[in-house]
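This note is addressed to a colleague who is meeting the structure for the first time. Please read it with the sequence and the model at hand.

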Amino acid sequence: MMGMELMDTHKIVAKVYFADGAAVDFAAVVPVLHQWIRDGALADHLMIDVADYAHVQHGPGVLLVCHEANLHVEDEDGRAGLSYWRKQPVEGADFAGALAMAAKSALSSAERLERDLPGGGRFDATRLTIRLNDRLNAPNTDATFAATEAPLRALAERLFGVGATVARVATGAGLFEVELSGGESAASASAGELARRIILHS
Amino acid sequence: MNNWKDVLGDAIPEDQGREIDQFEAQMALRKAGKTEEKVFAELRLRRGTYGQRYDNGQRHDGQSTRRIGYRELRKGPETLWDAPGMQRIKIPYGGMNPAQMELVADLAEEYSDRICHVTTRQDIQLHFIHIEDVVSIYRRLAAVGLTTKEACGNAVRNVTACPLAGVCHTEAFDVTGYAKACAMYLMGHPDTQDFGRKFKLAFSGCKDKACALVSIHDFGGIAAVREVDGKEVRGFELYVGGGLGAVPHQAKLFAEFLPEEELLPTARAMGRVFGRLGEKKNRNKARLKFLVQKLGIDEFRRLVLAERAAMPEDPSWRRYFDEIPRSEEKPAYPVVQLTVGKMAGAVSRWTETNVYEQRQPGYATATVSLPLGDISSGQMRRLADITRRFAGEHARMTIEQSIVLRWVPMDRLEALHGELDRIGLADAVAGTIVDVTACPGTDTCKLGIASSRGLADELRTRLSAGAGTRHAAVDSLRIKISGCFNSCGQHHVADIGFYGNSRNIGGYTVPHFQVMLGGQWRENGGAFALAMGSVPSKRVPELVDALTEGFVAERQGEESFQGYCQRIGKKQLKGVVDRFTAVPSHEDDPSFYSDWGDPRKYTLGDMAEGEGAGQVVSAAQFGFSAAEGKAFEAQVLLDEGKPRQADEMAYDAMLEAARTLVREQWTDAPADAATTVREFNARFVESGLFRDRFAGDQFSNYLLARHEGADARYTRDTAHKLIEETNLFIDAAHKCHAKMLAATATATTAATATTAAVATTGAAASANIG
C-alpha cells in the first residue's frame, strides 16, 4: 500500500470497553442518546437519529446516527463497549489526524455516557481498540499494519505513555484491527482523561 | 486514489459497468446543478437508492421540530444530498450463495449500520447509506452477480418465488428458473421502461399454500402441468392485477393455463399494454390493478393477447427460456442416513417449527428466523460459512423476512442447530405467532405513521415467553404489521394484522394501529382482512392476548382463526377490539403519548401538537366516531351478503367524516350530501388542507368519486374496495383535523406573543411619557 491510499482511509473505528465485562442495558441507552441529540452533545457532529438493534444478538446495539460517524453502544465482539465508526473524512486531516479524531470522539463520548447513563457504568481506560473499516484502502493485511504502525504507536504513547503497545488482532476475514494498551500511565486514567490527552490540530 | 472500479476490473459485467459509470456521471451533473432534482431522483430510485426519514432536513426531537444542518445540495425534491438513505438490493427468488452473503455483510459494515434487513419481497435493504457510497456498492454487488437495478422506481421490481421451490412435496414443478428468467429478461427491457408505477411478479409451485402470495401481485404464476398428446406440458395458471397498498385488490385470473414458452412473451406484452394504457399522471391510480379494474379482465386479456400476436419476435426470450433447466439445484453433500432419530430439548422444538423435510429423501430445508428481518454483518458472514458447510450454495430469503438453508442432510441438523445457536439464530419460531413480520415503519421510512418495528419487537418479546407452551392453534397464527396503510408489512393477509395511524386525544397526537382480522395467508393470500377499528399502540399487546384467549376458549374443533372470525362475526370481534380503545389522559399515563421503542413524545412528522382546543376536539371526535361506526356497519352488511347496502353505508360514513370537518368551520352546515360534498370540496380539497403530503388528493378523491355515482355493479369486490377507501378517508380526516388544531395553536401562540409585545411596547411608551 502506498502512502497516498492511506491518506484516503478515514473510516476509522475506535472502541472503548466497559470495565469488568459488564453487560449493557440497551433500553436505558436509547433515551440518553435522544437527549444527546437535543443537547447537541457531540461537537463537530451533525446528529440525526437513534437506531435500536438490541434485538440482534451481538449486533450493532443502539446507535446514534450522525452525518460524520455512527456512535454505537454494543457488544458486537462479545464485549460491551462504546464504538465510534467514522464515515466522513475529517476536514484537513491526514491519517494521524483522523485517527486522533476517532479516538478522542470515542473516549469523550464514553466519559459523557458514564455520567448520563442511569446506574453509571465505568469504561476500561487501559486499552483502546482501533479498526479500519475500509477493505479498499486498508485491507486486513501486513502491508496495512506496516503503513499504519507509526501513527498508531504515536497515539498509543500519547494515551498510555512510554511502553504502550500496538498489538494486531487476528480477525480472519474481518477488518484490520489493533489494540492499543500498556504503558506507564495506563492504569490510572479515566476515559475522559484519555480523551483530554489527545490534541486535535485543525 | 484506489477505487473499486479499478480493483474489480473485469469482474463487473461490461453492460452493468457501463450503466454504473453513467450513473456516476449523473451524480456529478446533479452536484453541478446540471440535472434536475426530479430527474435525478427517478434515476437513483431505479437503482434502488431510496430516501429515508428526515431526509428533508427536519426532525422532531421530542420537544420541537429542528432543522438538521445539512448543506443545501439535493438528490431529489425535498431530499437533501447528505441525508442518509436506504439501498435496496434485488435478490431474484430470494436466492443467494455464500459469496454474495459475505459481500452484503461487508457492504453493511462499511457503508451502513452493520444490519442487513430482509424485506417482505425477498430483497435486502441497507439503511443509513450516504449517496456518495452507492456507486461503490453497485460495483461490488455487480462483481458477485447481484444488482440494485430497478429495485425501486416505476419498474419491474424483484421477482419473488416460493422459498421451497424445487424441494416442496406438493409443487407442480420447480418455479425457480422461471422466476429467474423473468427477472433477467424484463430488467431494463425497453418495454418495461414507461410505467406509471411499479410492477411486481411472483411465482408459486402450489395453489393452496401461501408460497409467494400470487394473489397480491401484478403478475403471478402458479405452476401447473397438463397432458397434451400424451406428454406432460408445463405452464402457469396466471393471475394479474393484484396488489395490497392502501386499497387491496385480489388478482384476477388471466389464463387457466399459459404454456411455459409463452411466459416471457406474455409478460413483455403485458408490459407494453401497461406502459401504453396505464395511468401516468396520478400515481395513486397507476398500478396495473387500476387498469385491470378500469378495462375489466376480459378486455385487458384481449388487449394483451392482441399485443402478443402483433409483437415482433425477440430472440432473447428463447435464450432466457433455454437457461431455465440450469437453475435446478444439486445437493452439495451426500446423505449418510435417510432418517434421523428423535431429537431432544431445544433441537426438538426447533426441528418442529423450523425444519421442512424435503421431497428429496434425506434432505431438509432449515429456516433461520431473523428478529424483525434483521441480521448483523457478523451474523451474515458466519451464516455464509454455515451455509457453505451445511447447504453448499443454497440459501434463500423469504417473504416472511427469514433465510432458509436448503439441501441440509437430515443427519446434520443437530450440528446445524448448534452452529446457528452459537450466533443467536436458532430461535424455534418460524411460522409461529412469535415470528412477527414488520415493515421499517417510523424507524426509517418517510411514510411511516407508527412504529411497526417497535410494536413487533414488543410482541415478539412478550410472545416468546409462551413459546412451546401455547395452544397449537394460537402458535400457528401470523401477525403482520405495517407502519402505515401502504401495506409493506402485508397486514391484509395476516390472521392478526395492524397498520399505523394516529388519533388526536385532548390536543395530543397518539400513535394508534388499525386492527385487521381474518386475512388469509393460505391459497397465496386468498382473502383479505377487514378493518375492525383503531386501538392505541400501547394497548395492542393486551388486545392480542384477548383475541388469542378468545380464540382458544371459543374455537370449535379444528377451526382456523379465519373460520372463527367468520363464525362469531365482526360484531363480537369489534366488541373485543373496543375494550382496548380508551386512552388515559396525558396526565394519568404519558407513556401512551410516545411510541414503542421511541421515548420521544409522539408527533406526526413536523406537525406541532394542538393544545387548548378541548371542546372543539370533543365535537370533532364525536363526528369521527360516528363515521367509524358507519364504516364498521358497512363491513357487517358486506359480510351479510348485501354489497349494495354496504356501499351506501360506506358512502354515508365518508359523508359523516367530511361533514364533521365542514362543521368545524361552519357549525350549522346542512346535513345533506350535496352541501357536505360541495363545502368539503371548497374548504378542504381546493384549499389543500385535506391533501396528504405523500398521497396528494388520493383520499379526498375517494369521496368525490363515490359522490359522482356508485359503481353500479354492486359486487362484493366493489363494496369491499369502497369500505377500504372509507377507512382511509376517515384516517385522513383525523389527520386533517390534527393539522387544523396545530394551525390554531400556532395562531394563538403568535397572537399571544403579539399581544405581549404590544403590551411591553405600550408599557415602555408609558414609561417614556412618564
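The numbered points below concern an interface, a helix, a group of strands and two loop residues.

1. The model is predicted, and the remarks that follow should be read accordingly. Its two chains, A and B, touch: 32 residues of chain A are in contact with 33 residues of chain B. On the side of chain A that touches chain B, the elements giving two or more residues are α2 (26-39), β2 (47-53) and β3 (61-66) of chain A. Sorted by class, this side of chain A comprises 13 nonpolar, nine polar and ten charged residues.

2. Helix α17 of chain B covers residues 540-554, 15 residues in total. From first C-alpha to last it reaches 21 Å, close to the 21 Å expected at 1.5 Å a residue.

3. Which residues of α17(B) are buried? They are V540(B), L543(B), V544(B), L547(B), T548(B) and F551(B). Viewed down the axis of α17(B), the buried residues fall within an arc of 125°, so they line one face of the helix. An α-helix has 3.6 residues a turn, so residues three or four places apart point the same way. On the other side of α17(B), E542(B) and A553(B) are exposed.

4. The buried residues of α17(B) pack against several elements of chain B, both helices and strands. The helices are α14 (452-464), α15 (472-475) and α18 (561-578); the strands are β22 (496-505), β23 (508-517) and β24 (530-536).

5. Strand β12 (residues 219-228) of chain B pairs with two other strands. With β11 (residues 201-204) of chain B it runs parallel, joined by four bridges, and S204(B) has I222(B) in β12(B) as its bridge partner. With β13 (residues 231-240) of chain B, β12(B) pairs in the antiparallel sense over ten bridges; here A223(B) stands opposite F236(B) in β13(B).

6. β12(B) and β13(B) form a hairpin with two residues between them. In the turn, D229(B) has a positive phi of about 50°.

7. Two loop residues of chain B also merit attention for their backbone angles. Most residues other than glycine have a negative phi. Y93(B), in the loop between β6 (85-89) and β7 (95-96) of chain B, has a positive phi near 50°. L372(B), in the loop between β16 (363-368) and β17 (374-376) of chain B, has a positive phi of about 60° although it is not a glycine.

8. Are these two residues buried or exposed? Y93(B) counts as buried because it has 28 C-beta neighbours inside 10 Å. L372(B) counts as buried with 25 such neighbours inside 10 Å.

Technical notes. Residues numbered from 1 in each chain as written. Chains lettered and ligands numbered in written order. Predicted model: local features only at pLDDT ≥ 70, side-chain atom pairs only at ≥ 80, totals over all residues. Expected span 1.5 Å × (residues − 1). Buried ≥ 20, exposed ≤ 12 C-beta atoms within 10 Å, placed from the backbone. Arc of directions from axis to C-beta. Contact = placed C-beta atoms within 7 Å. Nonpolar A, V, L, I, M, F, W, Y, C, P; charged D, E, K, R; others polar. Pairing = 2+ DSSP bridges.
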